[in-house]
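Reader: I'm new to protein structures and don't know where to begin. Could you walk me through this one?

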Amino acid sequence: MVPANRTVHETPVTAARLDAESAEWLQTLAETCPQRDAALARLHEMLVRIARGEVARRGPRLRITGPELDDLAYQAAADALLAITGKIGQFRGESRFTTWAYKFVIFEVSAKIGRHFWRHPSVPLDAEDWDRLPDRFGFDPAQEAEWRDLLAALRRAVEEELTPRQRVVFVAIVLHDVPLDALVAELASSRNAIYKMLFDARRKLRVALAANGYLGNDTSRRS
Amino acid sequence: MNGWSELDRFLQTDPRDVGCAQAMELLHIYAELVAAGALAEQRYPGIAAHLRACGPCGEDFEGLLAAVRGGAH
């Protein structure tokens, strides 16, 4: 994984000329603009619409329904509005203003769904239910003789190769199916930090399993 | 054996993966490129690699793309 503090050799971000609609948003949302309140109301209305669409899109996979889902959408829109007005000076016109604004409300929906997970937690974070591992990866119970050693080696590698923090993250996400954003909320961390821990854990475990002949030696995927 | 390949797939990591912070920072640009049919993956291979591997960022990308395309209307 490319370290966050290293330059990525991809197309550099360049300031772009604003389209007319984005320019109007910036103009009317300026603190000195007499139409600012109307623009904020219009932006909020748009964010609510996007948030409701997003929770409806994700709804079938969530344990949240009805008024609670709608409430989550309204909270996400309100928090996104605050974030957008606070960061509007960072908008550089590389996309339409509305796309940039939508991003905030989508992120707020994700964060709120993550926090909601712990209202009805199904597992304590310190539990380690290794019996769930075969089912997690779809190993056929009828062929246990063929995969028993592999999973035992994986468990040993988790215990011996991972740091305590990597192990907590691996166990929560892999053994207990805790959503990554829920773990972010529980550990008061960031998505980037948790993902990086899991990324490093995956890499270490694969190296360990490959060294012992359980998996092939190719260490990167180029798909 | 499905389990072996599924476990192997999960443990594979892509060195181009830029991580969540950078992907989230540029997600609005990436989504507009995809919505416009431009070569987003070629322009931002590290973000493409990340979105393939990171469930939450992939989900956010799908949501943003749906919003840009008007699917949230």
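**Reading a two-chain helical model**

Author: Sure, and keep in mind that this is a predicted model. Let's begin with one residue: apart from neighbours within four places in sequence, A:Leu183 is in contact with A:Val169, A:Ala172, A:Ile173, A:Val178 and A:Ile194.

Reader: What larger group does A:Leu183 belong to?

Author: Here's the general idea: in soluble globular proteins, nonpolar side chains tend to be buried together. In this model the largest nonpolar core has 80 residues, and A:Leu183 is among those that touch the most other members, along with A:Leu47, A:Ala51, A:Val105, B:Ala23 and B:Tyr30. Domain 1 and domain 2 of chain A both give residues to this core, so it lies between them.

Reader: Where do those domains of chain A start and end?

Author: Domain 1 covers 20–119 and domain 2 covers 130–211. Their centres, taken over C-alpha atoms, are separated by 34 Å. As for direct contact, seven residues of domain 1 of chain A meet six residues of domain 2 of chain A. The domain 1 side of that meeting has four nonpolar, two polar and one charged residues.

Reader: How many helices and strands are there in chain A?

Author: Nine helices and zero strands. Of the 223 residues in this chain, 32% count as buried. You can also ask how contacts relate to sequence: among chain A contacts between residues at least 6 apart, 69% join residues at least 24 apart.

Reader: How do I check a helix, say α6 of chain A? How far should it span?

Author: Count 1.5 Å a residue and compare that with the distance between the ends. For the 18 residues of α6(A), residues 144–161, the expected span is 26 Å, and the end C-alpha atoms are 25 Å apart, which agrees.

Reader: And which residues of α6(A) are buried?

Author: Those are A:Trp147, A:Leu150, A:Leu154, A:Ala157 and A:Val158. Look down the axis of α6(A) and the buried residues fall within an arc of 100°, so they line one face of the helix. On the other side you'll find exposed residues, including A:Glu144, A:Arg148, A:Asp149 and A:Glu160.

Reader: What do the buried residues of α6(A) pack against?

Author: In chain A they pack against α5 (133–137), α7 (164–175) and α9 (191–211), and in chain B against α1 (2–11).

Reader: Let's zoom in again. Is A:Val184 buried or exposed?

Author: To decide, count the C-beta atoms around a residue; 20 or more others within 10 Å make it buried. A:Val184 has 22 within that distance, so A:Val184 is buried. This residue sits in helix α8 of chain A, residues 180–186. Not counting residues up to four places away in sequence, A:Val184 touches A:Gly114, A:Ser189, A:Ser190, A:Arg191 and A:Ile194.

Reader: What about chain B? How many of its residues are in contact with chain A?

Author: 43 residues of chain B are in contact with 44 residues of chain A. On the chain B side, α1, α2 (20–35), α4 (45–53) and α5 (55–68) each supply at least two residues. By class, that side has 22 nonpolar, 12 polar and nine charged residues.

Reader: And what is chain B itself built from?

Author: Chain B has five helices and zero strands. Its C-alpha atoms fill a box of roughly 40 × 25 × 20 Å along the principal axes. Buried residues make up 55% of its 73 residues.

Note on methods: Residues numbered from 1 in each chain as written. Chains lettered and ligands numbered in written order. Predicted model: local features only at pLDDT ≥ 70, side-chain atom pairs only at ≥ 80, totals over all residues. Helix = DSSP H or I, 4+ residues; strand = E, 2+ residues; numbered from the N terminus. Expected span 1.5 Å × (residues − 1). Buried ≥ 20, exposed ≤ 12 C-beta atoms within 10 Å, placed from the backbone. Arc of directions from axis to C-beta. Contact = placed C-beta atoms within 7 Å. Nonpolar A, V, L, I, M, F, W, Y, C, P; charged D, E, K, R; others polar. Core = buried A, V, L, I, M, F, W, Y, C linked by C-beta atoms within 7 Å. Domains from an automatic or database assignment.
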